[in-house]
Amino acid sequence: MKKKIIAIFPVIVLVLIFTAFFISNENPNKEESKSQITQVKADVIMPTKVSRPGCEKTNNCYIPSTIVIKEGQLATWVNEDAAFHSVTSGFYGTPTGLFDSGYLDPYQSFSFTFDESGVYDYYCTLHPWMKGQVIVE
Ligand SMILES: [Cu+2]
C-alpha cells in the first residue's frame, strides 16, 4: 500500500506543475491580444470576410465606406479581418500615390492626416471590390 502511494505521488506533483504552467502561460497572452484590439481607435474598420467579393453590394468592405472629417484631421483604419488588406489612395489600377498602407496584418492599423479639403477615394490593392471614400471639409 505504501509503495503505491509513493509511486502515485510524483505523478500528481507533475500534473499540478503542468496545470500551473499552462494557467500562468495562458493569461498574459489573452491580455496582450485584448490590449492590441482596444489600443487603436478606428475611424474605419475592415470587417471579416471582405477578402471574398460580396461586401461591395452593401457598401460594407470598409465600415463606414464613407467618412467625413475636417481639414488637418487624422483618419485611422484598423484591419479586423483575418486576411491582409490595404488602404491605398485612388482606384484599382490607378493609384494616386497620396497614401498607401501596404499590406496590413490582422489588427494592424494605418493612419493618414488629410491636410487639404476634397474627396479622396481609396481601395484595397488585393481585393479590387473593396472601395472607400474620405470627404475632407
Ligand atoms: Cu483587401
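Start with the five-stranded sheet: in this predicted model, 5 strands form an open sheet in the order E2-E8-E7-E4-E5, with mixed pairing. Colour the strands in that order and then look at the two ends of the row. Strand E2 (66-69) and strand E5 (94-100) are the edge strands; each has a single partner strand, so one side of each is left without a neighbour in the sheet. If you rotate the view to follow the twist, neighbouring strands of this sheet are turned by 35 degrees against each other on average, direction ignored.

Now stay inside this sheet and select residues 88-91 together with residues 118-123. These are strands E4 and E7, and they pair in the antiparallel sense over 2 bridges. For a landmark, show the side chain of serine 89: tyrosine 122 in E7 stands opposite this serine. While backbone atoms are displayed, a reminder may help: strands of a sheet pair through backbone hydrogen bonds, either parallel or antiparallel.

Next, move on to another sheet. Here 3 strands form an open sheet in the order E1-E3-E6, and again the pairing is mixed. Which strands stand at the edges? Strand E1 (44-46) and strand E6 (109-114) do, each with a single partner strand, so one side of each is left without a neighbour in the sheet. From one strand to the next, the twist averages 20 degrees.

For the last stop, select E1 and residues 73-79, which make up strand E3. The two run parallel and are joined by 3 bridges. Label valine 44 here, and you will find tryptophan 77 in E3 opposite this valine.

Key
Residues are numbered from 1 along each chain as its sequence is written. This is a predicted model: local features need pLDDT of at least 70, side-chain atom pairs count only at pLDDT 80 or more; totals for chains, interfaces and linings use all residues. Two strands pair if DSSP finds at least two bridges between them. Helices (H or I, at least four residues) and strands (E, at least two) are DSSP runs, numbered from the N terminus. Axes are lines fitted to C-alpha atoms, for helices over the stretch in contact, and angles run from 0 to 180 degrees between N-to-C directions.
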